[in-house]
Amino acid sequence: MTTREQPAREQTAREQTAREQTAREQTAREQTAREQTAEEQRLKENRDRTAYWTRWGSYVSERQWGTVREDYSEDGEAWNYFPHSQAHARAYRWGEDGIAGISDNHQRLCFAIALWNGKDPILKERLFGLSGFEGNHGEDVKECYFYLDNTPTHSYMKYLYRYPQARFPYEDLVEENQRRDRTATEYELTDTGIFEADGFFDVEVEYAKVSPEDILIKIHITNHGTEQRTLHLLPTLWFRNTWAWGYDREKPRLKVFSENDQCQVIEAEHPTLGKRWFYYPVASDSSAAGTLLFTDNDTNKQKVFGVENNASYVKDAFHEYVVHHNQEAVNGDRLGTKVASHYQLSLAPGATQTLRLRLCDTPDLNAPFDESFDTTFETRRDEADSFYHRICPYELTTEQRQVLRQGFAGLLWNKQYYYFVVEQWLNGDPAQPEPPEAHQFGRNSDWRHVFNDDVLSMPDKWEYPWYASWDLAFHLIPLAMIDPDYAKLQISRLMREWYMHPNGQIPAYEWGFSEVNPPVQAWAAWQVYKLEREFYDRADTDFLERVFQKLLLNFTWWVNRKDPEGRNVFQGGFLGLDNIGVFDRSSDLPADSSLQQADGTSWMGMFCLNMMEIALELAKFNATYEDIASKFFEHFLYIADAIDGIGSSRISLWDDTDHFYYDALRFSDGHHELMKVRSIVGLIPLFAVGSIEPDTLDRFKGFSKRTQWFTQNRPDLTQKIACMQAPGVGERRLLAIVHPDRLRSILQVMLDESEFFSPYGIRSVSKHHEAHPYTMQIDGTEYQVDYEPAESTTAMFGGNSNWRGPIWFPINFLIIEALYCFYDYFGDEFKVECPTGSGRYATLREVAINLSRRLTRLFMRDENGRRPFYGGVDRFQTDPLWHDLFLFHEYYHGDNGAGLGASHQTGWTGLVTRLIHQCSQYDAQQKDT
């Protein structure tokens, strides 16, 4: 052995010993940990692969029509190529949708409900809404449905759909929203008057798992009308169509397995899923005996395209049978790939009827609906209560518990099977007509490697039924609280070679994988790692290391592609903030100019610090990462310096007069202009902050020496930022773009209630611009930014984008996290006026709690008994049947807190669950002291 090899081997041995010691400590902690709840035990079995509890779940989309995946047009107009009017008769290529639906994890076999009130022109098999062209603020679901409960293993789930008893106002909703312009509010189902006199059915769907492959289903129908009413209920089981495209030779099938006086049993046989059996009751409670209906999940080509059908029985057969009384539409031989039992339920006013069903892997249950059926539901509900109490064991009000529970439910119901193979999509399928040539070279044609086949977290399964990489980062925070394994899987998928581009770019979303979103994945991975340690006492360094390696590729892509001049100033385009700027930042800029973005540059500063923190954590087990941590420390200094002055022109994005950060427009002749829009662009520099514990510097001598060298020898890089030099509370060291004086200045503006500080969170644009719009003129064209607290009045970037005033949870959450980080360093001695001008001073931790409470206040009743997020909808505010049903919107009115945009975007608005947890934890600590 050479002398050079000896230290290396000793180092390897030390690293191995450290890993083994950590593993032993973790095992010991697990052995002495408190008793697990039943749901945690199921999660453990799922993780250990001793029981596949998550094979079945709420993975069916709420909208498949109008998506990019289903669009084979020449012009790329997805809404027009596959509209809602064809969805009941046309087979989908890439996925399925339904009401309160479930499926297996590859969506081979699906279940959902279909309804008819006797008056609608179509069978209600899916949720209706407006396309991006029909809504006056873009795509917009027009139904009333609510996610009431769900657990991570989907051992218990609950969903409520409100179905009007009068004819559904399809035409009215389209026509009235078309009549309204962007300055008007959206016209909702509750505005049509259709729910007057409580003329609706409550359709409540519950699921409870006996085992991973034995799923019990209850459907409760309640008549909230004043007259006797009949509801047609069709619980539907079907196979996703995988046979019509020219790949699968073997077609799955559904057939009658057995019948008796209790139930009718359907056998579902699939080439890869195997066999399952579905139990329909012949009579349940006072419900009418069901009539079995069979058809195939194939396109009705005659109806859709005007050509001859090549299938005898087609997708819309149940619609034809129920609505048009066409008994020839269904297969009399009782075979097919789609089956339902048709129940006609007659209900007196206020009456409820319950239907019990069962999907399992057992063909010969003697008593499928015996007493144990209801007992299982009671047990699973109790177990769900225990699990969520374990997640947040602190003292909560009833309202806080409701928001917490329905917030987590919304996150879990928004899990969806997402299937998209771009190469096949671009080229077309062997058994289908060849797509137009333009399709093959249009949208996403440079992402041919993408092969998505996973259960993913959607922003909103109706309005945004596709993954969005920067949205997903925020979903992971609450998901990591309840199911860290699923959270880790989500971010790991984005980094895999069948998602990430070979050049290192992470796909944005299916409407444009090449769009540039903020690089928040490193932050999300680091948060997930810490949350698993906080809630479950597990440190998954293997996960962290795998993700870190791929994040290196993504960081390199950013440096190479989004810093074209090598100045460490980044131009990421709109960066997910849509039309917040003076002009569309994703399009060509005026007058041969370039944009120096305060937010893009700050996002990259944050990216550096996140990578540095991860590297230091990994260096505990592999010394190589100590050098990588130093690299990101150095790169952060260059970025932090660049935001204060770029090259010889020294363009500073900080304005010493306003004490705020702005974007700068740099012209070809060398001069520049700061675009003085008071927006969250100027707050994002706060996010680039991190603190280092003293034991980290003691442990990693090489890293410590390199940081000391920079602080001593490169004062030009460190004098304007908070950089490691002065120890804070507990001898911590701070790294931040924003040094203490600037922090005070920014917070003075941010916490001013006449600017950013709304009663319900931080506005995306200062209210100052309401009376003082920002304008600039370039080549005779005037550009302007106003404060718009509600829906956008401009379609600058997309039909429903609005970042010019409303409150957005993801940005607010990052502000709160930054405040906590600054507090860890400054402690109780650093105080700011909160709100500005109030004369009351608070620590940064207290400011974070104050902001958290303002955000959670959106969902709590005020002194008048009204919840701000409901806005002016009195039915939701005052009616006992409505006022405890929560929606989690995309964003919120900057002044009154009314919910806006997508109504079920529990994804990033689900962050409210973490805020409730942090506030209740803070309150408990205050009581203890």
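**Entry 1: a pair at Asp374**

I began with aspartate 374, which counts as partly exposed at 25% relative accessibility. I kept in mind that the model is a predicted one. I then looked for a partner and found lysine 218, which meets aspartate 374 in a salt bridge of 2.9 Å, N to O. Aspartate 374 sits in helix α8 (residues 371-391) and lysine 218 in strand β9 (residues 214-223), so the salt bridge ties together parts that are 156 residues apart in sequence. Lysine 218 has 8% relative accessibility and counts as buried. Buried means under 20% relative accessible area, and partly exposed runs from there up to 50%, so lysine 218 and aspartate 374 fall on two sides of that cut-off.

**Entry 2: a network**

Next I followed salt bridges that share partners. One network joins Arg47, Asp485, Lys488, Glu532, Arg538 and Asp540. I noted Asp485 for later, in the entry on pockets.

**Entry 3: salt bridges in the whole model**

How many salt bridges are there? I noted a count of 67. I wrote down one general point: side chains of opposite charge can pair when their charged atoms come close.

I looked up arginine 69. Its salt bridge is with glutamate 510, and the closest N and O atoms are 2.7 Å apart. Which parts of the chain does this pair link? Arginine 69 is in the loop between β1 (56-57) and α3 (78-81), and glutamate 510 is in the loop between α13 and α14. The two are 441 residues apart, and the pair links distant parts of the chain.

Are these partners buried or exposed? Arginine 69 counts as buried, at 1% relative accessibility. Glutamate 510 also counts as buried, at 0%.

**Entry 4: Lys338 and Glu125**

I turned to lysine 338. Lysine 338 forms a salt bridge with glutamate 125, with 3.0 Å between the closest N and O atoms. Lysine 338 belongs to strand β16 (residues 338-347). Glutamate 125 lies in the loop between β3 and β4 (129-130). The partners are 213 residues apart, and this pair too links distant parts of the chain. Lysine 338 is buried at 3% relative accessibility. Glutamate 125 is buried as well, with a relative accessible area of 9%.

**Entry 5: the largest cavity**

I searched for enclosed space. The count comes to 6 cavities of 30 Å³ or more. The largest cavity holds about 120 Å³ of space.

Which residues lie nearest its centre? They are Asp97, Glu125, Arg126, Trp238 and Lys338, out of 13 lining residues. Here I met the pair from Entry 4 again: lysine 338 and glutamate 125 form a salt bridge, and both are on this list.

I sorted the lining by class: 4 nonpolar, 3 polar and 6 charged residues. At least two lining residues each come from β3 (109-116) and β10 (229-239). The largest share is that of β3, with 3 residues.

**Entry 6: the largest pocket**

I moved on to open space. The volume of the largest pocket is about 1300 Å³. Its lining has 38 residues, and nearest the centre are Gln527, Lys530, Glu817, Cys821 and Asp824. Several elements give two or more residues to this lining, including α14 (521-536), α16 (598-618), α23 (809-826) and α27 (912-928). The lining divides into 16 nonpolar, 8 polar and 14 charged residues.

**Entry 7: the second largest pocket**

About 1000 Å³ lies in the second largest pocket. I counted 29 lining residues for it. Arg49, Asp485, Tyr486, Leu489 and Arg493 are the ones nearest its centre. Asp485 is the residue I had noted in the network of Entry 2.

Which element gives the largest share of this lining? It is α13, with 8 residues. The elements with at least two residues each are α2 (38-48), β19 (451-457), α13 (484-495) and α15 (541-561). By class I noted 10 nonpolar, 6 polar and 13 charged residues.

**Entry 8: cysteines**

Last, I checked the sulfurs. A disulfide is a covalent bond between the sulfur atoms of two cysteines. I found 0 disulfides in the whole structure. Cysteine 919 is in none, and its nearest cysteine sulfur, that of cysteine 392, is 10.0 Å away. A disulfide needs two sulfur atoms within 2.5 Å, so that distance is too long for one. Cysteine 919 counts as buried at 4% relative accessibility. Cysteine 821, from the list in Entry 6, counts as buried at 15%.

How values were computed. Residues are numbered from 1 along each chain as its sequence is written. This is a predicted model: local features need pLDDT of at least 70, side-chain atom pairs count only at pLDDT 80 or more; totals for chains, interfaces and linings use all residues. Side-chain values use heavy atoms; hydrogens and water are left out. On a 1 Å grid over the protein atoms alone, a cavity is a set of points where a 1.4 Å probe fits but cannot get out, and a pocket is an open set with protein on both sides within 12 Å along at least five of seven lines; lining residues have an atom within 4 Å of a point. Grid points are joined across faces, edges and corners, and a volume is the space filled by probe spheres set on the points. Helices (H or I, at least four residues) and strands (E, at least two) are DSSP runs, numbered from the N terminus. Ala, Val, Leu, Ile, Met, Phe, Trp, Tyr, Cys and Pro count as nonpolar, Asp, Glu, Lys and Arg as charged, and the others, Gly among them, as polar. Buried means under 20% relative accessible area, exposed over 50%, partly exposed in between (1.4 Å probe, protein chains only). A salt bridge is a side-chain nitrogen of Lys or Arg within 4 Å of a carboxyl oxygen of Asp or Glu.
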